[in-house]
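Dear colleague,

I am passing on the structure we spoke about, and below it you will find my notes on what turned up when I went through it. Please read them with the model open beside you.

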Amino acid sequence: MKQLIQLLTVPAACIVLTLPSLTAAQESPVIPTSISTPDKVETRIGALDFKDGMPSKQTIDKVYDNLDFTRAFEAFVNTYQGVNMAAIRKGFLSIAVKDNEVIIWSELMDAKLLFLTTNADTVYFGSFIDISKGPMVVETPPKALGTFDDIWWRWIIDFGLPGPDRGEGGKYLILPPGYDGPLPEGGFYIARSRTNRVLLLGRSFMEKNDPKPAVELIKKTTRIYPYEAGGEGTSIAEFLSGKAKLGKITPPPPPVFHEGSGKVMNTIPPSDFSYYEMLNEVVQQEPATALDPELMGPVAAIGIIKGKPFNPDARIKKILTEAVALANATSRTLFTAPRDPAWYYYPGSGWQNMLFSSGYEFETPVPEITPEGVKPYPPTGYRQLDARTSFFYGVTGITPAMAMRVAGIGSTYLWTMVDADKQYFDGAKTYKVTLPKDIPQANFWSWTLYDTMTRSMLDTPQRYPRAGSQSYPSPAAEADTDGSTTVYFSPTQPTGVKRGNWIQTMPGKGYFPMLRLYSPLPPFFAKTWRPSEVEVVK
């Protein structure tokens, strides 16, 4: 301590510190090549110039054009689902179907309708539910198979056979984003949406090959109306406790139904610059937080921002036009020629469905069903972006009921883009496909052909490009003597082939077939039963 005091009393001028000398290497550290940028960089967008690490004017322009292009590309492949939904709503509005009104296809959908991979086997009905002003009640019909999805095609809740009403019909209370108001004590299945509009998409099965009973049941039981807090679902005791107000129970207004059969409607998203204009409409109509920030980032980077006008200049518009062309080509390639072997249902086969490996959220595979119960897969922690892009480019709707291994409930799908020789389908040729006996379905099965360009039902003089176990709207397919069922695809009905076993094609027009099993059975999931590949008839 004494020495420290003596040191502190020494005048500052007398203190001399001697530092070790620095070597040349220490004075000028060598910059590793791995962190350096050369004066000239060869890239996919051409040569880029950097003098002492600083980009030239030409390099700056190239880099920012490429960055804008990349963001525009990402905005297409990662938001197609929202524009797909907006295109469906535009289609509804084009034939005067307003929000909270119901469109029903009483005579089934046909090939005049541009709608991604719908079918001519079930009675479709749908409605856009507007919850921007408050919660809405939707009373759903019994014996249905349906779902509620938000504007970004995110699943909210099922109704009907796979839903909590288990096919008995029920009252669904759909809550808007951020809703914190009063809720009923019971009597409703409650679901929350992250968007201001929700699509109800339902299908009902024909009875004895007749759609009329299903249509009548849908019209008799379906209702859409605002929720009245304090009314049904609120007890007097809840009111007396001060926890809820007391309201009247008023009869719901009669629903408004529109006929969809025979109507021409386009619900397919555009693949030109107008895609971004439609994307902007979605962003402006929904809350800013409706989409995850990382997905909204590329959208905002190209000038589509909630509450701001979308006015791209000539440079950006040119880039967007180029980007949408490549993004559409990429999405189409993912759907028609997938490279991920996990998307194919059988090894070496053309039959595919990515949902079994990605799940309906494109993240975790579909759970296994074992004698001991459900065996979920652990979360992967990453989104399968290619699977999501491919799915929404070609398919309408998303629900766990489309991707589950539960026997006797829901529906399952397989489609192929190639024949047994791994060639695309030629509308001028004759093909056949065979389903072995004991087709694993508890309800019905069907084939449908789709136009490769529109991903909608193939438009031919048949009107309904389908074949299956039902005898409406075309004759039922007949089994062979060994119990197997063979269906032919060709421009003209092959000699000796019954009408119900033939689907017409068009020379010069590509297509792809899809197999549907409604209420699939265990042999399908165990893969002990499988369809043949589609073979060219020589």
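When the whole structure is searched for enclosed spaces of 30 Å³ or more, 1 cavity is found, and please keep in mind here, as throughout, that this is a predicted model. The volume of the largest cavity comes to about 270 Å³. Its lining is made up of 27 residues, and those closest to the centre of the cavity are Arg203, Thr396, Gly397, Met402 and Tyr413. Four strands, β8 (144-150), β12 (197-204), β18 (411-415) and β24 (511-520), are the elements that each give two or more residues to this lining. Sorted by class, the lining residues of the largest cavity are 14 nonpolar, 10 polar and 3 charged.

The largest pocket, which you may want to look at next, has a volume of about 380 Å³. It is lined by 20 residues, of which Trp153, Arg154, Trp155, Glu361 and Arg383 are the closest to its centre, and the elements that contribute two or more residues to the lining are the strand β9 (155-160) and the helix α11 (385-394). The lining of this pocket divides into 10 nonpolar, 2 polar and 8 charged residues.

As for the chain as a whole, its secondary structure consists of 12 helices and 25 strands, and its C-alpha atoms fill a box of roughly 110 × 80 × 55 Å along the principal axes. The chain has 538 residues, and 50% of them count as buried. Among the contacts in the chain with a separation of 6 or more, 72% are between residues 24 or more positions apart. The exposed area of the chain is about 25,700 Å², with 58% of it supplied by carbon and sulfur atoms.

Turning to the interior, the largest nonpolar core contains 125 residues, and the ones with the most contacts inside this core are Phe148, Tyr276, Leu279, Trp447 and Phe489. If you would like a single residue to start from, Trp447 touches, leaving aside residues up to four places away in sequence, a set of residues that includes Trp351, Val433, Leu435, Pro465, Arg466, Val487, Phe489, Ile503 and Met514. Apart from the largest core there lies another one, of 8 residues, and Val137, Leu173, Tyr179 and Tyr227 are among them.

With best wishes

Technical notes: Residues numbered from 1 in each chain as written. Predicted model: local features only at pLDDT ≥ 70, side-chain atom pairs only at ≥ 80, totals over all residues. Heavy atoms only, no water. 1 Å grid on protein atoms, 1.4 Å probe; cavity = no way out; pocket = protein on both sides within 12 Å on 5 of 7 lines; lining within 4 Å. Points joined across faces, edges and corners; volume = space filled by probe spheres on them. Nonpolar A, V, L, I, M, F, W, Y, C, P; charged D, E, K, R; others polar. Buried < 20%, exposed > 50% of the residue type's maximum accessible area, 1.4 Å probe, protein only. Contact = heavy atoms within 4.5 Å. Areas by Shrake-Rupley, 256 points an atom, 1.4 Å probe, with all protein chains shown as cover. Core = buried A, V, L, I, M, F, W, Y, C linked by side-chain atoms within 4.5 Å.
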